[in-house]
Amino acid sequence: MFEQFRNKHLYKKTQIVVLNTHGVVLQSDDFIFKIEANSAISNFHPFFETINSLLETKDFQITFSCIHIEFNNIKKTIDVIFNSGSNDESPFLILIDFTEHYDNFQSIAQEKNESILSFHLSELKNQQLEHEKNFKNKFLANVSHDLKTPIWGLKCFLNYLEKTELSEVQMDYVQTLKYTTNHINHLVQDLVDLSKIESGQMELNNKKFNLIDSINNLTSIVKPKALKKKLDFNVTINAISLNAIIGDNVRIIQILINLLDNAIKFTKKGSIILEINDLSLENNIAQIQFLIKDTGTGIVSSQKSDAFQSFNKLHKSKKIDGLGLGLSIVSNLVRLMNGKIDYQTEIGKGTSFEVILPIRIDK
Amino acid sequence: MNSSKKIVLVGNFGVGKSSLMRRFVQNTFSENYTVTIGVHILKKEIRIDEFNFTLIIWDIEGKDDIQKVRPSYLLGTSGFVFVIDPTRPQTFERLNEELDFIKLNYPTAQIVTVCNKSDLINIDEFKERLLKSNTSIDFFASAKQGDEVENIFYTVGMTKENNV
């Protein structure tokens, strides 16, 4: 009765297999695997080939841990103790079923190794991206540098040509050429700026200057472009103390001109507004808000996250020229000045860009 | 004549030891990574010239140092296949030291070195890199594509003494 209950309810985890010195199974209790008597143990599983070379020795014991054995659809992970027996004893094997324990261990190892490999993979991807970015910047820097010299030559000779005696038609051609050359020059300058920004070589030249004067100069550049498209152009300044500030005059105006040029480019009728507000002043640092509003086509909302990426043209129309660098340069310059940039847009109604720059007021 | 040879795959974890064994024995490949703990053993019969061999291939868990491998796993090894992953320098930075350890402790064993995942790299560039560190690799393989896998096991199946 006791043996019956024991056989029924005790989970058997240990199996003993007795061999002769030729590796033939003499006896097995078959608690884990059914192993045929009178057959070579190496026929049961290739693992036991290892045992064959140890059968001749005596009084020797060795343990093999964590051996995966699959036999007749039974999969187990076992420890195997081989004992060669003494002179009057047969060699024997003790198989101990540690499947549950090793399965748990496997799950932990899986998690650990996967996390190490995934960390390594992301490191590798970053290196690849960095490599590609460096290549792009080097390429841009070299190409734009090589383009600048012939453009400069072209501009010089067009100026000379303009001063010669030309017919009205010839003068028209010269003006078109000058316009096109300036446009190419502008694109190349954008490439130079972008490669400097992305390679971390762009430095701000902070000096004391009068922002009101700079805005007036900017107005004289931008307004004619707006008027040419029959657009209203208004500037509103609701900020005090902008007469003496410390910052990079050229780059601040570059940000505003880029955004205003875009506004004009994408607006067919209505108005362009530049609004400047001071939001706060603390420790001589004013948070100056620049709003550039237009009544243009608006930007498709799904493009918002990509809007500040280089070479991403918000408007895919072939009629709108440019490389798609303007907003990328603007956002990088804003970031370089520790500022913020965002925009609100409505299709068919217009777009409002907001730039907030921390600007030091010179007292 | 038929004899069996114990071949052990060694190297860091995740280099593709199990994949190489499965590609050779079962001609299968899975993109899913399953960590090996302990040892999985498969066998395959091969024929070299007029000799038949049964290769008993031990795919043991990956270790960053061969001295950490349980000595019982290496008992009676005829051939070692040392596998590296070219995208992870830590899997081959100490290769020469590891090979010296094997040569010293298993002087009669045949050793082949394998760069798995070769489909992911420019092999010539990688060879140049290895040359600088005075490291050489016998096989540039890909368990995924099956490149060189047969050659690896046929080579390691030859005995060191007479190359058969």
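Colleague: Of the 64 residues of helix 4 of chain A, how many are buried?

Modeller: This is a predicted model, in which local features need pLDDT of at least 70 and side-chain atom pairs count only at pLDDT 80 or more, while totals for chains, interfaces and linings use all residues. Residues are numbered from 1 along each chain as its sequence is written, and chains are lettered from A and ligands numbered from 1 in the order in which they are written. A residue is buried if 20 or more other C-beta atoms, placed from the backbone, lie within 10 Å of its own, exposed if 12 or fewer do, and partly exposed in between. By that count helix 4 of chain A is hardly covered, and its number of buried residues is three.

Colleague: Which residues of helix 4 of chain A are buried?

Modeller: Helices (H or I, at least four residues) and strands (E, at least two) are DSSP runs numbered from the N terminus. The buried residues of helix 4 of chain A pack against strand 3, strand 4 (74-83) and helix 5 of chain A. They are Tyr102(A), Leu140(A) and Ser144(A).

Colleague: How far apart are the end C-alpha atoms of helix 4 of chain A?

Modeller: The expected span of a helix is 1.5 Å times one less than its number of residues. For the 64 residues of helix 4 (residues 99-162) of chain A this gives 94 Å, which agrees with the separation of the end C-alpha atoms, 91 Å.

Colleague: Is helix 8 of chain A mostly covered or hardly covered?

Modeller: The buried residues of helix 8 (residues 326-336) of chain A include Leu327(A), Ile329(A), Val330(A) and Leu333(A). Their cover includes helix 5 (168-198), helix 7 (249-265), strand 11 (340-346) and strand 12 (350-361) of chain A. Since nine of its 11 residues are buried, helix 8 of chain A is mostly covered.

Colleague: Which elements give two or more residues to the side of chain B that touches chain A?

Modeller: Two residues are in contact if their C-beta atoms, placed from the backbone, lie within 7 Å. On this basis the contact takes 23 residues from chain A and 19 residues from chain B. The elements of chain B that give two or more residues to its side are strand 1 (2-10) and strand 2 (39-48).

Colleague: Which residue of chain B stands opposite His68(A)?

Modeller: Two strands pair if DSSP finds at least two bridges between them. Strand 3 (residues 61-71) of chain A and strand 2 of chain B run parallel and are joined by two bridges. Opposite His68(A), in strand 2 of chain B, stands His40(B).

Colleague: Which strand of chain B gives the most residues to the largest nonpolar core?

Modeller: A nonpolar core is a set of buried Ala, Val, Leu, Ile, Met, Phe, Trp, Tyr and Cys residues joined through C-beta atoms within 7 Å. The largest one has 58 residues, and those with the most contacts inside it include Ile7(B), Leu20(B), Trp58(B) and Ile152(B). With six residues, the element that gives the most to this core is strand 3 (residues 51-60) of chain B.

Colleague: What percentage of the 164 residues of chain B counts as buried?

Modeller: Chain B has five helices and six strands, which follow one another from the N terminus as β-α-β-β-α-β-α-β-α-β-α. Among its contacts between residues at least 6 apart in sequence, 72% join residues at least 24 apart. The buried part of the 164 residues of chain B is 43%.

Colleague: Why does Gly79(B) count as buried?

Modeller: Gly79(B) lies in strand 4 (residues 79-84) of chain B. Beyond its neighbours within four places in sequence, Gly79(B) is in contact with Lys5(B), Ile7(B), Ala109(B), Gln110(B), Val156(B) and Gly157(B). Gly79(B) counts as buried because the number of other C-beta atoms within 10 Å is 25.

Colleague: Is Asn134(B) buried or exposed?

Modeller: Asn134(B) lies in the loop between helix 4 (123-132) and strand 6 (139-140) of chain B, and it has a positive phi of about 55 degrees although it is not a glycine. Because Asn134(B) has 8 C-beta neighbours inside 10 Å, it counts as exposed.
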